[in-house]
Amino acid sequence: TPTIEPVNKNATINIKTSVKNETSKNQLVEITTRIIDKEGLVVLRLREKQTIPSETEYQFNQIGSLEDDVHFWDTENPYLYRVNSVINVNGKAVDFVENTLGLRKFELDPVRGFMLNNKPIKLIGFNRHQQYPYVGDAVPDSLHYKDMLQFKEFGFNIMRTAHYPQDNALIDACDELGILVYEEAPTWIDVSQNEKWWDNLEASARTMIRNHRNHPSIVIWGGGVNHRGYVPRVHNVVKQEDPNRLTASQGARWTGWQASGLTDINANMLYGPFLWDRSEPIFAMEGRRGPAALAPFKNDPLMLGLISWTAHAYYTFHPTHDKAKSKIDRTRGGLMTIFRYPRPQSYWYKSELLLLTYHLHM
């Protein structure tokens, strides 16, 4: 969506569709792309023809605009269109693909903070591990949705995937429920001098973006190595794959005082004292939870928000942790238990954040 204009309520939509001719002869291919609203009405139709040589891939590049009765996607009203593209050869439909589309404008303003559809919002949420007892990483789609439904019920508007890309069903749920996403390639503290390690990280980042770039909920990609801070190679890969979304620095003070550097957002783990000269906004991609932790962020427009650690308790095998060898309970942390039962202190969020939303909409 190269142009989103909430004031005049219009939007420009650019659809790039790769089509491969796997036959032994040249084919005249027609693509028809329809933008469909929630009521099932086609609000934009685009057609294009191209002769594609045998065993060749061609990328259609279609662009169109919406000017009337445009609906925007945000955390309060996550309106989703459908983008349906059909491939015809000799008048016969041979393939199709469909994606959801959310029309939203986001930007980082140096004074007003994070802006969504020209309005400043505080990014308040939690980190989320994908694991669940007994099934590990094989979490069913329904549980991904339930996790994000709980986020919504407690008033959270952002979720960070800690510390790896997570299931498509989770991102689908965030699209549908109106929860912003900060997603990052798999890293955790360690780095290597082996070039193949870096090649694998680059490939992981590219795969993550290509898998999830059509999701309106995703607004931030990690631009570094978790704990270590920004990495030019990672940031550059992200910008090459997706020049529109923001990158975040992923720093932590115990691995060296980090600044945003190349990345768009100075995102750090703010668990205690930190250095900050207020020349740019700061964002806590991790931090403590509760009223005392959240208060500074709510009162300072340059403090973009707080993604606390962590939504759910998780298994630990950290050798220095006192629960690492427990035969009863190896879980640590969590606003909720590993079974997703809210702990008593979690209800402060529900009363505070949902009450704030109520007052803003009176």
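## A buried residue and its contacts

Two residues are in contact when heavy atoms of theirs lie within 4.5 Å. In this predicted model, Ile218 touches Arg104, Ile171, Val181, Glu183, His212 and Arg245, where residues up to four places away in sequence are not counted. Ile218 belongs to strand 14, which covers residues 218-222.

The relative accessibility of Ile218 is 0%, and because buried means under 20% relative accessible area, Ile218 counts as buried. Ile218 and Met159 are 59 residues apart along the chain, and their C-alpha atoms are separated by 9.6 Å.

## An open sheet of three strands

Elsewhere in the model, 3 strands form an open sheet with antiparallel pairing, and their order in the sheet is 1-2-5. Strand 1 (3-5) and strand 5 (56-66) stand at the edges, and each has a single partner strand, so one side of each is left without a neighbour in the sheet. From one strand to the next, the twist averages 20°.

The pairing of strand 1 with strand 2 (residues 10-21) is antiparallel and is made by 3 bridges. Within this pairing, Ile4 stands opposite Ala11, a residue of strand 2.

## A nonpolar patch on the surface

Tyr134, Val135, Phe339 and Tyr341 together make a nonpolar surface patch of about 500 Å². One of these residues, Phe339, is found in the loop that runs between strand 23 (331-332) and helix 6 (347-360). With a relative accessible area of 35%, Phe339 is partly exposed, whereas Ile218 in strand 14 is buried.

Definitions and conventions. Residues are numbered from 1 along each chain as its sequence is written. This is a predicted model: local features need pLDDT of at least 70, side-chain atom pairs count only at pLDDT 80 or more; totals for chains, interfaces and linings use all residues. Side-chain values use heavy atoms; hydrogens and water are left out. Two strands pair if DSSP finds at least two bridges between them. Helices (H or I, at least four residues) and strands (E, at least two) are DSSP runs, numbered from the N terminus. Axes are lines fitted to C-alpha atoms, for helices over the stretch in contact, and angles run from 0 to 180 degrees between N-to-C directions. Patches are made of residues with over 30% relative accessible area and no salt bridge: like charges are joined within 9 Å, nonpolar side chains (Val, Leu, Ile, Met, Phe, Trp, Tyr) within 5 Å. Accessible areas come from the Shrake-Rupley method with a 1.4 Å probe; for residues, only the protein chains shown count as cover. A salt bridge is a side-chain nitrogen of Lys or Arg within 4 Å of a carboxyl oxygen of Asp or Glu. Buried means under 20% relative accessible area, exposed over 50%, partly exposed in between (1.4 Å probe, protein chains only).
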